[in-house]
Amino acid sequence: MGDSLDVAHDFHSAWRLIERNPTLYEMVLVDCHGFDHKDILTFVRSVRENVSPLFPRIFLSYAPFDVDLIKAGVDEFINEERLIEPLIFDFGNVGYLTSFTGFMSDLFKFKDSYLFEHSIRVKTFTRLFTMLCVEAGLIDSVFATNITLASFFHDLGKLVIPDSILNKPSSLSEDEFSVVKMHTTFGAKMLEKLIRTFREEKFLTILFNVVKYHHERYDGGGYPEGLKEKQIPLEARIVAIMDVFEALMSDRPYRTAYTFEEALRIVKNDEDHFDPEILQIFLANSEYFRC
């Protein structure tokens, strides 16, 4: 969007503007008055599938909270009083952010289709879950937005893990699993120079914490540092449960997906893995995550 604002009166016109220059727009604000729910879904899915899973960010005004729209790729629902707020986020320098996330998103897409799709679904789950965390008073909306974007890149370090290990159609050996576990520190290392360049960007700190610590366990049995309880950054504790649940619900090279009920049972039985307050919010709202 930058310093300009383009107005379209229907989704066909809006799509033509975006299609003409997919990198021009940072945000799309949809006034939902008079538009059919199905048409909104189609438009959002088109943007997410054909432009980017991350940008432009999509906001709906005068629309009720809708799980299907969130799963399609909507970032926020806003009312009349909040129409100006989407322009103000804790991303800092949006130019570097859109360039960085667009570049890295393409790397994910070309590296490994499973990694790309998993990242999209974790981001979608995290968007929905952080909205619930805001409602519960655990975090604020700006923090929720930053965590959601960071969650897409939680497996950043897997870009440098050999495909023969990532896509092995059978159980990993102990040595192979040791290599996979290094993706957390590899990813953190990849971010260090960027963080030194943009020291004031709070988003990058959140991103670093998500990338490095999303495999820590609340009971201290995780990696890479064996942190426990509140030693683990809150953003990593939130993404951890979304990452695990999405992975359980998806086909992997070495197994088929669990059903929703099976995945939920596994999460419940591994309660020591997760922050109990975060786990309770998830369990109380688990039906939202049924695919």
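## Close-up views of a predicted protein model

**View 1. Pro-224 is placed in the loop that runs between helix α10 (202-213) and helix α11 (234-248).** The structure shown here and in every other view is a predicted model. The peptide bond that leads from Tyr-223 to Pro-224 is cis, and its omega angle is near 15 degrees. Glu-229 is also found in the loop between α10 and α11. The phi angle of Glu-229 is near 50 degrees, a positive value in a residue other than glycine. Glu-229 has a relative accessibility of 40%, so it counts as partly exposed. For this reading, the partly exposed class lies between the buried class, under 20%, and the exposed class, over 50%.

**View 2. The whole protein chain is built from 13 helices and three strands.** Its radius of gyration is 19 Å, close to the 19 Å that the globule rule gives for 291 residues, and therefore the chain is as compact as a globular protein of that length. Along the principal axes, the C-alpha atoms occupy a box of roughly 55 × 40 × 35 Å. Of the 291 residues in the chain, 49% are buried. Among contacts with a separation of 6 or more, 67% are made by residues 24 or more positions apart. The chain exposes about 14400 Å², and carbon and sulfur atoms supply 51% of this area. There are 31 positive and 46 negative side chains, and the centres of these two sets lie 4 Å apart.

**View 3. Pro-56 follows a cis peptide bond that starts at Phe-55.** The omega angle of this bond is near 0 degrees. Pro-56 is found in the loop between helix α2 (37-50) and strand β2 (57-61). Val-51 has its place in the loop between α2 and β2 as well. Leaving aside neighbours within four places in sequence, Val-51 is in contact with Pro-56, and also with Trp-15, Ile-18, Pro-22 and Ser-46. The relative accessible area of Val-51 is 24%, so this residue is partly exposed. How far apart in space are Val-51 and Ser-178, C-alpha to C-alpha? The distance is 36 Å, for two residues that are 127 residues apart in sequence.

**View 4. Tyr-62 is found in the loop between strand β2 and helix α3 (67-72).** The phi angle of Tyr-62 is near 60 degrees, which is a positive value in a residue other than glycine. At 33% relative accessibility, Tyr-62 counts as partly exposed.

**View 5. Glu-76 is situated in strand β3 (residues 76-78).** Is Glu-76 buried or exposed? The relative accessible area of Glu-76 is 10%, so Glu-76 is buried; the class is reserved for values under 20%. The side chain of Glu-76 makes a polar contact with the side chain of Arg-127, at 3.4 Å.

**View 6. Lys-111 belongs to helix α4 (residues 94-111).** With a relative accessibility of 24%, Lys-111 counts as partly exposed. Which residues does Lys-111 touch, not counting residues up to four places away in sequence? They are Lys-158, Leu-159, Ile-161, Asp-163 and Leu-166. One of these partners, Leu-159, is 48 residues away from Lys-111 in sequence, yet their C-alpha atoms are 6.9 Å apart in space. The side chain of Lys-111 makes a polar contact with the side chain of Asp-163, at 2.9 Å. A polar atom of the Lys-111 side chain also lies 3.2 Å from the backbone oxygen of Ile-161.

**View 7. Ser-171 is located in the loop between helix α7 (163-166) and helix α8 (174-181).** The relative accessible area of Ser-171 is 61%, so Ser-171 is exposed; the exposed class requires a value over 50%. Not counting residues up to four places away in sequence, Ser-171 touches Glu-176 and Tyr-254. The C-alpha atom of Ser-171 is separated by 9.3 Å from that of Pro-253, and these two residues are 82 residues apart along the chain.

Technical notes. Residues numbered from 1 in each chain as written. Predicted model: local features only at pLDDT ≥ 70, side-chain atom pairs only at ≥ 80, totals over all residues. Heavy atoms only, no water. Helix = DSSP H or I, 4+ residues; strand = E, 2+ residues; numbered from the N terminus. Rg over C-alpha atoms; globule rule 2.2 N^0.38 Å. Buried < 20%, exposed > 50% of the residue type's maximum accessible area, 1.4 Å probe, protein only. Contact = heavy atoms within 4.5 Å. Areas by Shrake-Rupley, 256 points an atom, 1.4 Å probe, with all protein chains shown as cover. Lys, Arg positive; Asp, Glu negative; His and termini not counted. Charge placed at Lys NZ, Arg CZ, Asp CG, Glu CD. Polar contact = N/O pair within 3.5 Å; in protein donor to acceptor, adjacent residues only side chain to side chain.
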